[in-house]
Amino acid sequence: MQAFTILTGLVAPLDRANVDTDAIIPKQFLKSIKRAGFGPYLFDEWRYLDHGEPDMDCTNRPLNPDFVLNKPAYQGAKILLTRENFGCGSSREHAPWALEDFGFRAIIATSFADIFYNNCFKNGLLPITLASDVIDGLFQDLQPEYQLTIDLLAQKIITPTGVAIDFDIDGARKYRLLNGLDDIGLSLQHAAAIKAYESARKTRAPWLFADC
């Protein structure tokens, strides 16, 4: 998993509340568990004017010109600014997969659905919760080519005018993101201890390993 330390990136505004995971990545794309290749189908029903199916070539699909991520000013955005209850609906982990594969590294919102929020940290995405009046201010200030800097270690968002906005994050989740550790990576930090335990257990109870 890619580590998250300091990010300076273009901000894309998605001025909607209660964006559910079926809007983020529609159900027909859940057949694959490869964790990659979902970016072209992110917000599929909003980005395109036709119906999307898995393995479609999206390069020639008709785009919805009114959808924010199709506008030239927001191409290459790494930070998504949105409203309350982002990621509600079903618990599909494909939603953060699609956001990350599209290029987003952070999502700033008033609130997140719990399961989606947890899944973000497992996939290298930083979900940041801010008060509604702060979110309102960011939407008001936002214009094409608007960038924010997110310093995870300092837990601050820096605006183009130099204003610093503090945000909270659980210490364990912060550690995982700073070090690029998913669940497997976190476990592998204790690989030596795991191997030592298994070796000792094999000595104490060899019958358990008779067929190994």
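Me: Let me start with one acidic and one basic residue: are Asp44 and Arg61 buried or exposed?

Reply: Happy to help, and keep in mind that this is a predicted model. Burial is read from relative accessible area, with under 20% counting as buried. Here, both Asp44 and Arg61 are buried. For Arg61 the relative accessible area is 6%, which is why this residue falls in the buried class.

Me: Which residue forms a salt bridge with Asp44, and how far apart are the closest N and O atoms?

Reply: The general idea is to look for a side-chain nitrogen of Lys or Arg within 4 Å of a carboxyl oxygen of Asp or Glu. In this model, Asp44 pairs with Arg61, and their closest N and O atoms are 2.8 Å apart. Asp44 belongs to helix H2 (residues 44-47) and Arg61 to the loop between H2 and E2, so this bridge ties together parts 17 residues apart in sequence. Arg61 also forms a salt bridge with Asp50, at 3.0 Å between the closest N and O atoms. Asp50 has 27% relative accessibility and therefore counts as partly exposed.

Me: Over which ring does the charged end of Arg61 sit?

Reply: That would be the ring of Tyr48, with the charged end 3.8 Å from its centre. A similar reading applies to Arg16, which lies over the face of Trp46 at 3.9 Å from the ring centre.

Me: How many salt bridges are there by this rule?

Reply: The count comes to 6. One of them joins the side chains of Asp15 and Arg83, at 2.7 Å from N to O. This pair links distant parts of the chain, 68 residues apart: Asp15 is in the loop between strand E1 (6-13) and helix H1 (21-24), while Arg83 is in the loop between strand E2 (79-81) and helix H3 (94-102). Asp15 is exposed, at 51% relative accessibility, whereas Arg83 is buried at 17%.

Me: Now the aromatics: how many aromatic pairs does a search of the whole structure find?

Reply: There are 11. To classify a pair, check the angle between the planes: under 30 degrees is stacked, over 60 is edge-to-face. Phe102 and Phe104 are stacked, 5.5 Å centre to centre with 25 degrees between the planes. Phe104 is buried at 0% relative accessibility, but Phe102 is partly exposed at 27%. By contrast, Tyr117 and Phe121 are edge-to-face, with 5.1 Å between centres and 80 degrees between planes.

Me: Where do Tyr117 and Phe121 lie?

Reply: Both are in helix H4 (residues 114-122), 4 residues apart, or about one turn of the helix. Each is buried, and they form one aromatic cluster with Phe86, Phe112 and Phe116.

Key. Residues are numbered from 1 along each chain as its sequence is written. This is a predicted model: local features need pLDDT of at least 70, side-chain atom pairs count only at pLDDT 80 or more; totals for chains, interfaces and linings use all residues. Side-chain values use heavy atoms; hydrogens and water are left out. Rings of Phe, Tyr and Trp (its six-membered ring) pair if their centres lie within 6.5 Å; planes under 30 degrees apart count as stacked, over 60 as edge-to-face and the rest as tilted. Buried means under 20% relative accessible area, exposed over 50%, partly exposed in between (1.4 Å probe, protein chains only). Helices (H or I, at least four residues) and strands (E, at least two) are DSSP runs, numbered from the N terminus. A charge sits over a ring if NZ of Lys or CZ of Arg is within 6 Å of the ring centre and within 35 degrees of the ring normal.
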